Amino acid sequence: MAERDDLDRLRGATAPEPDPQARRQALAAALAAYDAAPAGENRRAAQGSPAGRRLTSRAAQLWRMTMHRKLTAAPAIAGLLALPVAGYVAWQLAEGGPVALDRGAPPAETAGGRPAERQREAPAKLAPAARETAEVAGATEAERAVADRAVDTLLAPRDAAPAAAPQASGRAQSRLLRAPGTVGASRPVPPPAPSDAVAGQENRERFAGFADNPVRSALEDPVSTFSIDVDTASYAFVRRVLNQGVMPERDHVRVEEMINYFSYDWPGPASPDTPFNATVTVTPNPWNADTRLMHVGIKGYDIAPADKPAANLVFLIDTSGSMNATDKLPLLKAAFRLMVERLAPSDTVSIVTYAGNAGTVLEPTPVADKARILDALDRLEAGGRTAGAAGIREAYRLARQSFVESGVNRVMLATDGDFNIGAASDAELERLIEAEREAGVYLSVFGFGRGNLNDSLMQTLAQNGNGTAAYIDTLAEAEKVLVEEASATLFPIAGDVKIQVEFNPARIAEYRLIGYESRALSRADFNDDRVDAGDIGAGHTVTAIYEITPADSAARLYDDLRYGAPADADPAAGDELAFLRLRYKLPGEDVSRLIERPVSEADAVAPLAAASDDVRFSIAVAAFGQKLRGSDRTAGLGYDRILEIASAARGSDPYGYRAEFLSLVRLASALERGGR
């Protein structure tokens, strides 16, 4: 009883304040004892390690092991939420607004003037990344349920109570904890990127709309004519959109640019006198067993480094206020630094910027003085309004000032697409670019960033300037376009390249060109040397694919004409499916040359697996592009079948571009399932 009274008194007593002098004495004594101990005795492993484990009972150890297994759900869920939450917080901080994750806060205007409702849109854009992480990791239904419930909690209305996350099995929790942060085997899952639009502005990206090429009757309209296209902007933009966890819009996808993003090992010519070869392969069609595919691959002559002509380049750089984002001007400067490192010492570089008024940052300078060029790039800063037309005029003036006869003279426009041409009209600008093209100065366009991208104008400028249009979203893409493919980008080996295919209606009832909608030409344009068309650069590959319907196929859309019949054909053409013609001009020439060859059953392979890796891979890309555009033609072809074809045809992939494509197919499949 006395002991209980003593305990009660102690329980109610107030603890005395620690004596500072006693504390100092105790600390000094402890340090002295430590120093006096034999070497190594006080340097055992920390508590919990095998050498210095805390004394506990066997039962306590078993309990700790059991709890450790059960509690792995917490880091698993935290790992799934880390990506969208971290991206959301970073986006808020970059926008200068508060990180308002508390529930029940009333709607308010942020410091930047953006309504709070707009801030709450961010988690909805970030959520697919968490779900896709579990999907790609091969998660089970129980594992995905954990991810979905966690994401739903993040997306719940601010005035709603958070729902309890379901418990997953120990195996599910462990698998989620170990899930790699990669899509496929070669690309890390990127954090969802915030919008590049300036606070208070809506997304102002502009893409030209177009309808897919229709199926045509070979009897009524047997001739197909188009200009070649070597642009790749669409693929890079689609990749960025998918990596942000969003399916691309229909007009983002130009199938020919998806196909031609990749290099293919088509047989090339042996001499620059014949600048390219055409290889034709007829294969079964993986999305329609009743039709076939006619595949045309063109490979340009690759110039030896010693034979490359001198280059006179003008970097026309957008430094307006809209370029003030990490994936715009900073990335742009890093990209052009890579290119400068690749140029020959005798090449010339000039730099023009436009923001408010156009200004010459660097007069024509030989690459031998590389430090001066790189220093001029490093000093660029974003600010002001866009004045694109004045910049283009100044860039062309410098290009003419340092014009290289029999060399490459090119303006390289780099912009986010927010291209205010000032007092000049679009038509006036196009006429200026066409006139400079005729004088030998070409224009290429490189797009950067999101929010202001004017893809439609980029395509128009590049096509009128006999140049390429590319979209650069990463430094790796800059290296691909400006370093690995520098020869194809800079050094044309053939100009005004046109393709014409005449189908034999006795063998082919109908046909459809896949892509190239914006490159269509009339039949008469083929022989008119005044009509501009695309160029092929050194070592470039170009691919075109037709879907063709045999005359006896059940897939025919057009009935036979009552009063029409195939015209009498040359008996020697009885085995021909089609006749291919190519027109081109050698650099510096005004009169075109002609290459032609028949297409027959000798060019056919069956089954599809008998075709080369490059043919099959390009067919898989064509199918993927059509599927992203929502084409009814490929509605019955699943992403799994596209992935199967592309995986089997991956072949040599030194830079990992094809592996990345496989990851995009998986990602699109997951996003489409998640959107249902």
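Reader: Which residues line the second largest cavity?
Author: This is a predicted model. In it, the second largest cavity has a volume of about 100 Å³. Its lining is made by Val230, Asp231, Thr232, Thr468, Ala469, Ala470, Val481, Glu485, Ala488, Thr489 and His540.

Reader: Which elements give two or more residues to the lining of the second largest cavity?
Author: By class, that lining divides into five nonpolar, four polar and two charged residues. Two elements each supply two or more of its residues: strand E12 (469-472) and H17.

Reader: How many cavities of 30 Å³ or more does a search of the whole structure find?
Author: The second largest has a volume of about 100 Å³. The largest has about 170 Å³. With the cut-off at 30 Å³ or more, the search of the whole structure gives six.

Reader: Which residues lie closest to the centre of the largest cavity?
Author: The largest cavity has a volume of about 170 Å³. It is lined by 21 residues. Closest to the centre are Val230, Asn466, Gly467, Thr468 and Asp535.

Reader: Which element gives the most to the lining of the largest cavity?
Author: Helix H15 (455-464), helix H17 (486-490) and strand E15 (534-537) each give two or more residues. The lining divides into eight nonpolar, seven polar and six charged residues. With four residues, the top contributor is E15.

Reader: Are H11 and H16 roughly parallel or roughly antiparallel?
Author: Helix H11 (residues 329-342) packs on helix H16 (residues 475-484) with the axes 9 Å apart. Their angle is about 30°. Angles under 35 degrees count as roughly parallel. H11 and H16 are therefore roughly parallel.

Reader: How many nonpolar residues are in the contact of H11 with H16?
Author: H11 passes H16 in a right-handed crossing. From H11 come Leu331, Ala334, Ala335, Phe336, Leu338, Met339 and Arg342; they meet Leu475, Ala478, Glu479, Leu482, Val483 and Glu484 in H16. Three residues of this contact are charged, none is polar, and the nonpolar ones number 10.

Reader: Is the crossing of H18 and H20 left-handed or right-handed?
Author: Helix H18 (residues 613-628) and helix H20 (residues 657-674) pack at about 30°, their axes 12 Å apart. The pair is therefore roughly parallel. The crossing is left-handed.

Reader: How many charged residues are in the contact of H18 with H20?
Author: H18 brings Asp613, Asp614, Phe617, Ala620, Val621, Phe624 and Leu628 to the contact, and H20 brings Arg658, Phe661, Leu664, Val665 and Ala668. Nine of the residues are nonpolar and none is polar. The charged ones number three.

Note on methods: Residues numbered from 1 in each chain as written. Predicted model: local features only at pLDDT ≥ 70, side-chain atom pairs only at ≥ 80, totals over all residues. Heavy atoms only, no water. 1 Å grid on protein atoms, 1.4 Å probe; cavity = no way out; pocket = protein on both sides within 12 Å on 5 of 7 lines; lining within 4 Å. Points joined across faces, edges and corners; volume = space filled by probe spheres on them. Nonpolar A, V, L, I, M, F, W, Y, C, P; charged D, E, K, R; others polar. Axes fitted to C-alpha atoms, helices over the stretch in contact; angles between N-to-C directions. Parallel < 35°, antiparallel > 145°, perpendicular 65-115°, else oblique. Left-handed = near helix turned anticlockwise from the far one by under 90°. Contact = heavy atoms within 4.5 Å.
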